[in-house]
Every structure is written in structure tokens, then in C-alpha cells.
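Here are a few short exercises to work through with the structure open. Try each task before you read its solution.

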Amino acid sequence: MSKEFTLGVEEEFQIIDPETRELKSLISQLIEAHTPMDEVVLQPELHQSVVEVATGICDNVEEVRREVIKNRRAAHKIAQRVGVRIAAASTHPGKRNNHSATQALARTANWESNIIASGFK
């Protein structure tokens with residue numbers, strides 16, 4: 001019998017310089033610092049100053065909670081190895097538009113041109 005509902009959580013974290021609190025475009029370094037012992041998969045996002053982690057498919061809220069905590073701890077440890085911190089926030093308070101390096105990802109290939117065409121900058 002299959003479960004009626006499952007859930008999962010994706011979280012995006014800003015990569016932050018611990019001294020200046022500025023965004024750091026270091027997603028490549030975080031991914032390179034990942035080892036087979038780390039219990040999380042790091043994914044790049046459109047901006048190189050953002051890293052994504054995700055739970056697997058979970059059967060209940062408690063399982064999601066355990067995976068979210070595990071992912072956060074593992075991502076934090078990887079960030080520390082690189083000399084940065086990660087932070088969950090909507091928009092960086094010191095961020096100015098168009099100053100963040102972006103990734104060339106297949107899933108985001110048309111995002112920037114669509115955003116610009118729609119009038120957002």
C-alpha cells in the first residue's frame with residue numbers, strides 16, 4: 001500500500017564571509033570541499049553565493065525535521081572547512097542589484113533573460 005502523502009524540504013543558504021558578513025561567490029569551493037563522509041548533497045543555485053540542500057522524500061514531519069537538522073549541520077561543517085558561514089535569509093541586507101556572480105546551469109539558462117525581459121532588474 002502506498003503512502004497517501006509524502007514531503008520534502010529544499011533550503012537555500014547564502015554563503016557569507018564570517019568577518020565582513022558580505023556574500024561570497026564560493027559555491028564551487030563548497031562543492032569541492034564536500035567529502036563522501038558528509039551526509040548532505042550540496043547543489044549550486046543561480047547565484048554563486050547560494051547553496052541548496054534538500055531532504056529526501058519523507059513519510060512524516062518528524063522524518064523531515066531530522067533530515068533538515070542533519071543537512072544544516074553537514075552544510076555548516078563544509079562551509080567552516082572553506083572558511084565561510086551559511087545563513088538562511090531572504091535577501092542579503094547589504095546586497096546591491098546585479099553584483100552577484102551567477103552560475104551557468106541548464107535549469108537556470110533562461111531565468112536571467114526572462115527576468116530582464118519582464119522588467120525586473
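Contact here means heavy atoms within 4.5 Å. Keep in mind that you're looking at a predicted model.

**Exercise 1.** Leave aside the neighbours within four places in sequence, and list the residues that Leu-30 is in contact with.

*Solution.* Start at Leu-30 and skip its neighbours within four places in sequence. What's left is Ile-15, Leu-42, Val-51, Ile-78, Ala-79, Val-82 and Val-84.

**Exercise 2.** Find the members of the largest nonpolar core that touch the most other members, then work out which elements feed this core.

*Solution.* Step one: the core has 15 residues, and Ile-15, Leu-30, Leu-42 and Val-51 touch the most other members. Step two: two or more residues each come from β1 (10-16), α1 (27-33), β3 (50-54) and α2 (61-82). Step three: α2 chips in the largest share, with 4 residues.

**Exercise 3.** Trace the strand pairings of β3, giving the sense and the number of bridges for β1 and for β2.

*Solution.* Take β1 first: it pairs with β3 in the antiparallel sense over 5 bridges. To see one of the partners, go to Gln-14, which is bridged to Val-50 in β3. Now β2 (residues 43-44): it also runs antiparallel to β3, joined by 2 bridges. Here Gln-43 has Glu-52 of β3 as its bridge partner. Finally, look at the link: β2 and β3 make a hairpin, with 5 residues between them.

**Exercise 4.** Is β3 largely enclosed or largely open?

*Solution.* Count residues under 20% relative accessible area as buried. In β3, 4 of the 5 residues are buried, so the strand is largely enclosed by the rest of the structure.

Methods
Residues numbered from 1 in each chain as written. Predicted model: local features only at pLDDT ≥ 70, side-chain atom pairs only at ≥ 80, totals over all residues. Heavy atoms only, no water. Core = buried A, V, L, I, M, F, W, Y, C linked by side-chain atoms within 4.5 Å. Buried < 20%, exposed > 50% of the residue type's maximum accessible area, 1.4 Å probe, protein only. Pairing = 2+ DSSP bridges.
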